[in-house]
Structure formats: C-alpha cells, structure tokens
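Visitor: I would like to go through the ligand site of this model and ask, for each term, what justifies its use.

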Amino acid sequence: MDGGGVDTGTTAAWMEKHRQMYERATRHPFTVSIRDGTVDMSAFKRWLSQDYLFVREFVAFIASVLLKCCKQEDSSDMEIILGGVASISDEISWFKNEATRWGVNLASVSPLKANLEYHRFLQSFTEPEVSYVVAVTTFWIIETVYQDSFGFCIQDGNRTPPELLGTCQRWGSAGFRQYCQSLQSIVDRCLANAPADAVKSAEEAFIRVLELEIGFWEMSSSQS
Ligand SMILES: Cc1ncc(CO)c(N)n1
C-alpha cells in the first residue's frame, strides 16, 4: 500500500485540520527560543526537571499501551511499542545525567499544575475501557510533538546553543523520527479499521494532547 505511507492517512488529515493548534504545540516560543539561541536557561532547567517527572508517569502510560496491544487479536505492533518501553529506561538515565550537568536537584522537584493535569490524563489510559486505538493514537502524537519541536531546533539555520544540541538530538534525530513514523503507520492502520465512535475519541485525544503539550511549554517558560 504505502511507500512510507504516512502522508495519506487519517493522522495527516487531522494534522491539517488542526494545523493551527499543531503549530502552537510544535513551534512554541519556548522551543523556538532554543533554536534561536535566546532561551532563558532557568526556563530550560524548569522544563528539564518537570519533564523528568513527566517521563516517570509516561512509563506507566506506555506500559498500558503495550498491554492493550498484547490483548489485540493481531499483536504484530507489539515489537514497535516494546521499543518505546525499552528506550524509556535510557531516557530516565539521560534526565538524571543532564540534571547533574545543569545543577538541577531532581529529588526536590514537585510537579507544577500543567504537569499534574497531564499526569491525570495519562493515568486515565490505565482503565481497560480505553481502547487500543485511542491509546496508540495518544502515544504517537505525544512523541510526535517532541520529535517535530526538537527536530526544528536542529534543522538548517538553527542557532541552538551547542550545550543544548544533545537534548534536541534526543527527540529530533532521524532515528526518533523513524520511530514516530512507525507509530503513525500503526495508528493509521488501526483507525482505518476502527468504528466511527473510536475514531472520534482518538481525534479528541489527539486534540487534548496538543492542548496539554502547549500547556507544558507555557509552564516551562513562565511557571504558570
Ligand atoms: C511533555 C512531554 N511530551 C512528550 C514527550 C516525549 O517523550 C516528553 N518527554 N514530554
């Protein structure tokens, strides 16, 4: 069917339909300030410590996506999702190293309001009533917002400070882009076979993630 196949499905249609909000999430003044080299380092450190807490919550979320995947009749997506579980362990180590490097004490960090709101959203996926298609859609768009945001920071014309390039590479790399595209293919295939009400719920989750991501960047830049 596809040659890469990620531009033709429902997900691409949603990205177009909700383009304005997608761009508010992926071209936020905070990440654009990283690319411009004007980033406020106290905001960067706040983002780093808050995202560490986010990622710890994200572990349980990915585990719930994996569990829903394994319960499908066709569990062939399992290996891709499992790759996400495997890389999160490395990610937690990365946050700890990075925090040490920036003098951030992770033990004393508590989640700010927008982070807590995101935690509650992620926690709702552990309910068995939430379908696999909605969960995997959510997983895909969460990862894609970071891929697109940080990918932009390493594209042509960037003035990203060298000491932040490692962060940008983590989510902006070609390898991570490929991973997001694999997820996107899974999502499009699942959506093509899903009942209309599930497709509607998945689109609502897609929009909700964009709102939560915008809120997360806002929180990082202004401690709201
Ligand atoms: C808030 C947030 N969204 C997405 C990702 C991508 O893993 C992350 N680390 N944090």
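**The cavity and its ligand**

Guide: In this predicted model, the largest cavity has a volume of about 110 Å³.

Visitor: What makes this space a cavity and not a pocket?

Guide: A cavity is a set of grid points where a 1.4 Å probe fits but cannot get out, whereas a pocket is an open set. The structure holds one cavity of 30 Å³ or more, and the volume of about 110 Å³ belongs to the largest cavity.

Visitor: Which residues line the largest cavity, and how do they divide by class?

Guide: The lining consists of Asp51, Phe54, Val55, Phe58, Glu91, Tyr118, Ile142, Glu143, Tyr146, Trp171, Glu213 and Phe216. By class, eight of the lining residues are nonpolar, none is polar and four are charged; Tyr counts as nonpolar under the convention applied, so Tyr118 and Tyr146 belong to the nonpolar class. Helix H4 gives the largest share of this lining, four residues.

Visitor: Why is the ligand said to sit in the largest cavity?

Guide: The criterion is that more than half of the atoms of a molecule lie within 2 Å of the grid points; the ligand sits in the largest cavity, which means that it passes this criterion.

Visitor: Which residues count as being around the ligand?

Guide: A heavy atom within 4 Å is required, and the residues around the ligand are Asp51, Phe54, Val55, Phe58, Ile142, Glu143, Tyr146, Trp171, Glu213 and Phe216. This shell divides into seven nonpolar, no polar and three charged residues, and its largest share, four residues, comes from H4.

Visitor: What makes the approaches of Glu143, Tyr146 and Glu213 to the ligand polar contacts?

Guide: The term asks for a pair of N or O atoms within 3.5 Å. An N or O atom in the side chain of Glu143 is 2.7 Å from an oxygen atom of the ligand, a polar side-chain atom of Tyr146 is 3.2 Å from a ligand nitrogen atom, and an N or O atom in the side chain of Glu213 is 2.6 Å from a nitrogen atom of the ligand. Each of these distances is within the limit, so the term applies to each of them.

Visitor: How much of the ligand's area does the protein bury?

Guide: Taken alone, the ligand exposes 290 Å², and the protein buries 100% of that area.

Conventions
Residues are numbered from 1 along each chain as its sequence is written. This is a predicted model: local features need pLDDT of at least 70, side-chain atom pairs count only at pLDDT 80 or more; totals for chains, interfaces and linings use all residues. Side-chain values use heavy atoms; hydrogens and water are left out. A polar contact is a pair of N or O atoms within 3.5 Å; within protein, one must be able to donate a hydrogen and the other to accept it, and residues adjacent in sequence count only if both atoms are side-chain atoms. Accessible areas come from the Shrake-Rupley method with a 1.4 Å probe; for residues, only the protein chains shown count as cover. On a 1 Å grid over the protein atoms alone, a cavity is a set of points where a 1.4 Å probe fits but cannot get out, and a pocket is an open set with protein on both sides within 12 Å along at least five of seven lines; lining residues have an atom within 4 Å of a point. Helices (H or I, at least four residues) and strands (E, at least two) are DSSP runs, numbered from the N terminus. Grid points are joined across faces, edges and corners, and a volume is the space filled by probe spheres set on the points.
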